[in-house]
Structures are given as C-alpha cells and as structure tokens.
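Student: I should like to learn how to read burial, contacts and charge from a model of this kind. May we work through some cases?

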Amino acid sequence: ALERTLSIIKPDAVAKNVVGEIYTRFEKAGLKVVAAKMKHLSKQEAEGFYAVHRERPFFAALVEFMISGPVMVQVLQGEGAVLKNRELMGATNPKDAAPGTIRADFADSIDANAVHGSDSLENAAIEIAYFFPATDVYPR
Ligand code: CMP
C-alpha cells in the first residue's frame, strides 16, 4: 500500500555533507520526499520525539547527540515506505548493517547512526504529526 514514513538525517550525517547522497538513495528506491525541513532540535523537542525511549539507559546520550547540530527531517511517500526506508537504512548498529545500506556507508556508531526511520505505520503517523502540520505535507 502507499504509505508515508518519517525520516531524520541525524547531525552526524548532516555534518558529513551527505544529505544529497541519502536523498538519492530514497529517490532511487522509489520513495518521494513530500515534506522536508532542516531543524536544530531543542532538548525538549528531542525528548518529546524519543519519549518512548525515556526509561532506556541510552536516552540522555541519544538526546544530547540529536541536539548537537541541525538535522534534516522529511516525510517519505511510496509503496511500503515504512519497511522500504528501514531496509535502506540497515540495522540500528552500523556494525550489524548490511553492506550498501545507509548506516553501513555513513554511520560511525549506534548513537551516531546517520538516520532515523519510523518503525511502524502507526508510529509513522505519530512522528509525521510531531514535525509537520498536515498542510505542510504534499502528496505527489
Ligand atoms: P533511532 O532509530 O533514531 O531510535 C533510537 C536511537 O537510539 C537509535 O536510532 C540509536 O541511534 C540510539 N541507540 C543508542 N543505543 C541504543 C540501543 N542499545 N538500542 C537501540 N537504540 C540505541
């Protein structure tokens, strides 16, 4: 089915200047960018976005990393977009990421792992709404 998912290019990948290379991977896989913005998240915004991880031991480090520089936030649309984006990203830990995936090619560590992608259709809707009012998403 035609789906939308939320993608974030994290501060490490923005700093490496690979936003365009990552967008090219989305586009070559048939995913369309239907909303996008660069944003330097506040601590409150990062904590709110990752609220499901609040009790995890890595939460504080995750938030500090996510506010260390600007991120690119985008909505991707396409057939099976949630799973397709997760396949393009590869495993959370770049050490486990399959060759040719975004994390294998651009990530340095489980924290500085280049990209975030929604893990389910339900979470995609929540995460998209967190960053984009419906009027800022352009189905095409
Ligand atoms: P992301 O997909 O953005 O969702 C939560 C992030 O927490 C994850 O990517 C990782 O960058 C980070 N993280 C750090 N340690 C862990 C861990 N042990 N398990 C899962 N995620 C972790």
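Tutor: Let us begin with D12, which lies in helix α1 (residues 11-15); helices (H or I, at least four residues) and strands (E, at least two) are DSSP runs, numbered from the N terminus. This is a predicted model, in which local features need pLDDT of at least 70, side-chain atom pairs count only at pLDDT 80 or more, and totals for chains, interfaces and linings use all residues. Residues are numbered from 1 along each chain as its sequence is written, and side-chain values use heavy atoms, with hydrogens and water left out.

Student: Which side chain of opposite charge is nearest to D12?

Tutor: Lys and Arg count as positive, Asp and Glu as negative, while His and the chain ends are not counted. A salt bridge requires a side-chain nitrogen of Lys or Arg within 4 Å of a carboxyl oxygen of Asp or Glu. For D12 the nearest such side chain is K16, 5.3 Å away, and D12 has no salt bridge although it is buried. Buried means under 20% relative accessible area, exposed over 50%, partly exposed in between (1.4 Å probe, protein chains only).

Student: What is D12 in contact with, beyond four places in sequence?

Tutor: Contact means heavy atoms within 4.5 Å. The partners of D12 include F65, F106 and N113.

Student: Which residues of helix α4 are buried?

Tutor: In α4 (residues 59-66) they are F59, L62, V63, F65 and M66. These buried residues fall within an arc of 165° seen down the axis, so they line one face of α4; the arc is that of the directions from the helix axis to the C-beta atoms.
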